[in-house]
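I sat down with this one to see how its helices are covered and how its chains meet. Here are my notes, in the order I looked things up.

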Amino acid sequence: MVKSKRRKIEDIIIAAICFLFILLCLLPMVNILARSFSSTQAMINNRVSFWPVEFTLESYYYVLQDKAFVRSLWWTALLTLICTIVSLVITVMAAYPLIYENLKGRRFFNSMFLLTMYFSAGTIPNYLLMKQLNLLDNPLVLIIPNCLSIFNMIILRSFFYTIPESLRESAQLDGAGPVNILIKIYLPLSKPALATLALFYAVGRWNGFSDALMYISDPKYAPIQLKLWQVINNRSSIETAQQEGFAAPVASEGLKAASVMFATVPILVVYPWLQRYFITGVTLGAIKE
Amino acid sequence: MKKKRTAQKAYVYLKKTWTLYLMLLLPVAFAVVFRYLPMTNIVMAFKDYNMFKGVWASEWSDPIFKWFQKAFQTKDFWYALRNTLLLNFLDLIFGFPFPIILALLLNELAFKRYKRVTQTIVYLPHFLSWIIISGMARQLLAPRTGVVNVLLGKVGLGPINFLMENGLYVATYIALGLWKEMGWNTIIYLAAITGINPELYEAAEVDGASRLRKIWHVTLPGIRSTIIVLLIMNMGRILGSEFDRPFAMQNDLVMDVADVLSTYVYRVGIRGFQFSLTAAVGLFQSVVCVIFLFGANAIAKRFGERGIW
């Protein structure tokens, strides 16, 4: 009896510690959210902590005035959609044939993919390749060079392995070819894995920054992270202002907070829907052959 | 006669499998063009790159290791190398134990729904980009208007300029890395904990073991091999470098401690057009990395673990 009481107290202490971790993760975001809805005056006087002060939509209004920023949001959304679809297709095309154990050359293809996880050419050789292929400043450079992640391929392949081989064999006896088996059996059964990969690929593109920084100089193709980086560093607003002949306004704190929210909210919206899948996915990825 | 039979066999085999090869065509072409082909450009490190002649027509450098010697003579290179090692080392020391502790805590959490909510929330920062996090950090940690310094001011401390002083910058860099990945990195430990035989806990229960004793004698030994493999693999990555994180956080005032090899290569190579010099730096980094990784893998195998290949 005494023991169970002690247990309960322990349980509550552990729950309280976990609550601190929750706060640690959420409060920074709550503060930025509060700032984005607060007036500049309130921010200058340090009155904003975790709740908007003198509620206003001013910051959001100013962000939406920046046409380049809004266009970049739409452009990145389109880019993310295309990248996710292309990547999913290619990942399936790489993972599925490799589960056929009697496929000749399977070991070769396998190691060919795996090696790229540990050996990469490096920044400069990659940059020179994009130059040789005429991909610099081409929107395709944001889609193709990262369309297959071997890590994700391993996750999918591991998931395919969990589907009983007997299903495949009986379909083969019925005369179904590999493509038919893939479409009728493997893909429908792999929805959790495919959802996980879709999340990883989509987040990867939405958050992608360095490829745009290195390969894209035309502002027309700048994805949202590049744009956001410019806003945070007071670059974009000054440049556009100079182009359009205004005096240079320094991006205000509220504007920066609202810009950060624009880049964050899409992730916050998609994440809860997909998060129940990804734990299975990640755990599978850890089990290597 | 025999030839005919092999040909027939091959025909039957291909008839069954040609669609699989067709499927592999695209991913293989991708790997060849975007992963293996750029490796030929590594030769840049041994040539005097001429933008108009291209990689292949450029002259070989004389002496052949000219660019490596040049790199080793620059102060910036040594700073970048030192910072890469230092930041990765601190990441390892602080970034490694915390996810284990958090995983143990989460595992002990008795309220199932609350546990799921906690997991959902602590995984979330993993999905934010370093650009977003550095944007938030600059606001939160701003010396006059940031909420952290405002709160510190209320208890009579500060203002502390977290991002603009060398030592504080390093501490903030490590802390933000922890904030982003601590929750996410618990997943693998939690998965390992699920694999522990529940009878062991029941036996410990019968013996009257307290919670801490059960953690110490059942849970931790149960995830021992996961811990060892991850630790060794992380040590193998001590010279690897991310780009987004240091690049998004660094500023001119703290360049001495903030510049790492990846940002050095970007700044001097792509922005400063010194392709041969930075290709040499990149090659040096890759080679050392691979050696470390092989070493780490060999050590993992010696411990009787599976390693990574």
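I began with burial in α10(A), where A:Ala193, A:Thr196, A:Leu197, A:Ala198, A:Leu199, A:Phe200, A:Tyr201, A:Ala202, A:Val203, A:Arg205, A:Trp206 and A:Asn207 are buried. I call a residue buried if 20 or more other C-beta atoms lie within 10 Å of its own, exposed if 12 or fewer, and partly exposed in between, with C-beta atoms placed from the backbone. That leaves α10(A) mostly covered, with twelve of its 17 residues buried.

A note on ground rules: this is a predicted model, in which local features need pLDDT of at least 70 and side-chain atom pairs count only at pLDDT 80 or more, while totals for chains, interfaces and linings use all residues. Residues are numbered from 1 along each chain as its sequence is written, and chains are lettered from A and ligands numbered from 1 in the order in which they are written.

Next I checked the length of α10 (residues 191-207) of chain A: at 1.5 Å a residue its 17 residues should span 24 Å, and the end C-alpha atoms are 24 Å apart, which agrees. The expected span is 1.5 Å times one less than the number of residues.

I then counted elements and found 14 helices and zero strands in chain A. Helices (H or I, at least four residues) and strands (E, at least two) are DSSP runs, numbered from the N terminus. Of the 289 residues of chain A, 38% count as buried.

I looked up UniProt too: an unreviewed entry annotates "transmembrane region" on chain A, with residues 12-34 and 181-203 among the stretches covered. Such annotations may be inferred rather than shown by experiment, feature names are shortened, and positions follow the numbering used here. In the model, residues 12-34 of chain A are 100% helix, with end C-alpha atoms 30 Å apart. Residues 181-203 of chain A are 96% helix, and their end C-alpha atoms are also 30 Å apart.

How many residues does each chain bring to the contact? Chain A gives 70 and chain B gives 70, counting two residues as in contact if their C-beta atoms, placed from the backbone, lie within 7 Å. The chain A side divides into 50 nonpolar, 14 polar and six charged residues. Here Ala, Val, Leu, Ile, Met, Phe, Trp, Tyr, Cys and Pro count as nonpolar, Asp, Glu, Lys and Arg as charged, and the others, Gly among them, as polar.
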